[in-house]
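Reader: I'm new to this one and would love a close look at the metal site. Could you take me through that part slowly, and then show me what sits around it?

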Amino acid sequence: MPDLNSLKAGLKKLLPKERFEHSLRVMEQAEELARRFKVSVEPAGIAALLHDCSRYLNREGMLKSAREGGYKIDPIEELEPKLLHARLSAKIARDRFGVTDPDVLQAIESHTVGRPNMSKLEKVVYLADHIESDRDYSGVEKVRELADKDLDRAILASIDKMIAHLIEQDLPIFEGTILTRNWLLINNKI
Ligand SMILES: [Fe+2]
Ligand SMILES: [Fe+2]
């Protein structure tokens with residue numbers, strides 16, 4: 001596993017200051033959740049640190065990199081290229097930061113919409129991104145409260161908040177989000 005300090009130094013050079021600081025907060029939050037829910041702390045911290053490492057790219061840059069990488073691009077991603085950033089971050093974590101652990105790469109890749117059968121590591125990184133100390137969307141306190149004891153319920157609550165927000169704004173809902181929500185409700189019998 002690459003050394004954490006050199007990853008931080010590399011990331012600091014790559015990302016705008018605010019995005020880098022967000023990444024540090026997500027790392028801290030992910031490490032705390034990992035301890036709470038008995039997930040390996042080091043992979044959780046690394047995945048969280050690098051989860052947004054493609055966010056130095058603008059919309060066009062994201063579309064271009066995704067096309068070059070031969071990604072299948074959804075019409076919603078075409079409309080909102082930021083949705084590509086999780087996949088691109090996993091690619092950059094591998095190619096630029098030398099991360100080889102497939103579980104870490106997967107946790108980076110699924111941090112925005114989750115996926116059915118997501119692992120505990122993926123859940124920790126997903127949730128950490130949504131409850132890091134600077135987040136202040138309406139309902140975040142409830143998600144934080146749930147995150148004290150139940151990863152699945154906390155993720156469900158954050159997905160519901162996100163969907164409600166998208167509906168309010170007349171924005172499309174990425175189908176991956178719905179698949180994750182259904183999986184949490186049906187397979188995990190929430
Ligand atoms: Fe992200
Ligand atoms: Fe993030």
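Author: Let's start with the iron ion (ligand 1), which is coordinated by Asp52 (OD), His85 (NE2) and His111 (NE2), at 2.1 Å. A donor here is an N, O or S atom within 2.8 Å of the metal (3.2 Å for Na, K and Ca), and water is not among the atoms, so sites may look incomplete. Along the chain, the donors of this iron ion (ligand 1) follow the spacing D-x32-H-x25-H.

Two housekeeping notes before we go on. This is a predicted model, where local features need pLDDT of at least 70, side-chain atom pairs count only at pLDDT 80 or more, and totals for chains, interfaces and linings use all residues. Residues are numbered from 1 along each chain as its sequence is written, chains are lettered from A and ligands numbered from 1 in the order in which they are written, and side-chain values use heavy atoms, with hydrogens and water left out.

Now the second metal. The iron ion (ligand 2) is held by His22 (NE2), His51 (NE2), Asp52 (OD) and Asp129 (OD), at 2.2 to 2.4 Å. The angles among those four donor atoms run from 81 to 171°, and the site is irregular. For that label, four donors count as tetrahedral if all angles lie between 85 and 135 degrees; four count as square planar and six as octahedral if opposite donors are over 155 degrees apart and all others between 65 and 115; anything else is irregular. In sequence, the donor residues of the iron ion (ligand 2) are spaced H-x28-H-D-x76-D. His51 and Asp129 bring together distant parts of the chain: His51 is in the loop between helix 3 (41-50) and helix 4 (59-68), while Asp129 is in helix 8 (residues 120-131), 78 residues apart. Helices here are DSSP runs (H or I, at least four residues), numbered from the N terminus. His51 and Asp129 are both buried; that word means under 20% relative accessible area, with exposed over 50% and partly exposed in between (1.4 Å probe, protein chains only).

So which residue do the two metals share? Asp52 coordinates both the iron ion (ligand 1) and the iron ion (ligand 2), and the two ions are 3.4 Å apart. Asp52 and His111 also link distant parts of the chain: Asp52 is in the loop between helix 3 and helix 4, and His111 is in the loop between helix 7 (102-109) and helix 8, 59 residues apart. Asp52 is buried, at 2% relative accessible area, and His111 is buried too, at 0%.

From His111 you can step to a neighbour, His130, found in helix 8. His130 is buried, with a relative accessible area of 11%. Setting aside residues up to four places away in sequence, His130 touches His111, Arg135, Tyr137, Val140, Ser158 and Met162; a contact is a pair of heavy atoms within 4.5 Å.

Next, helix 4, which comes after the loop holding His51. In helix 4, Gly61, Met62, Leu63 and Ala66 are buried, and what covers the buried residues of this helix includes helix 5 (75-79) and helix 6 (85-95). Helix 4 is followed by Gly70, whose phi is positive, near 70°.

What about the nonpolar packing? In soluble globular proteins, nonpolar side chains tend to be buried together. A nonpolar core is a set of buried Ala, Val, Leu, Ile, Met, Phe, Trp, Tyr and Cys residues joined through side-chain atoms within 4.5 Å. The largest one has 48 residues, and those touching the most other members include Leu50, Val124 and Leu127. A second, separate core of seven residues includes Leu57, Met62, Leu63 and Leu88.

Finally, the charged pairs. A salt bridge is a side-chain nitrogen of Lys or Arg within 4 Å of a carboxyl oxygen of Asp or Glu, and a search of the whole structure finds 18 of them. Arg25, Glu132 and Asp134 are linked in a network of salt bridges. Glu32 and Arg36 also meet in a salt bridge (2.7 Å, N to O); being four residues apart in helix 2 (residues 17-36), they are separated by about one helical turn. Glu32 is partly exposed at 38%, and Arg36 is partly exposed at 28%. Asp148 forms a salt bridge with Arg36 as well, with the closest N and O atoms 3.5 Å apart. That pair links distant parts of the chain: Asp148 is in the loop between helix 9 (140-147) and helix 10 (151-168), and Arg36 is in helix 2, 112 residues apart.

How values were computed:
Helices (H or I, at least four residues) and strands (E, at least two) are DSSP runs, numbered from the N terminus.
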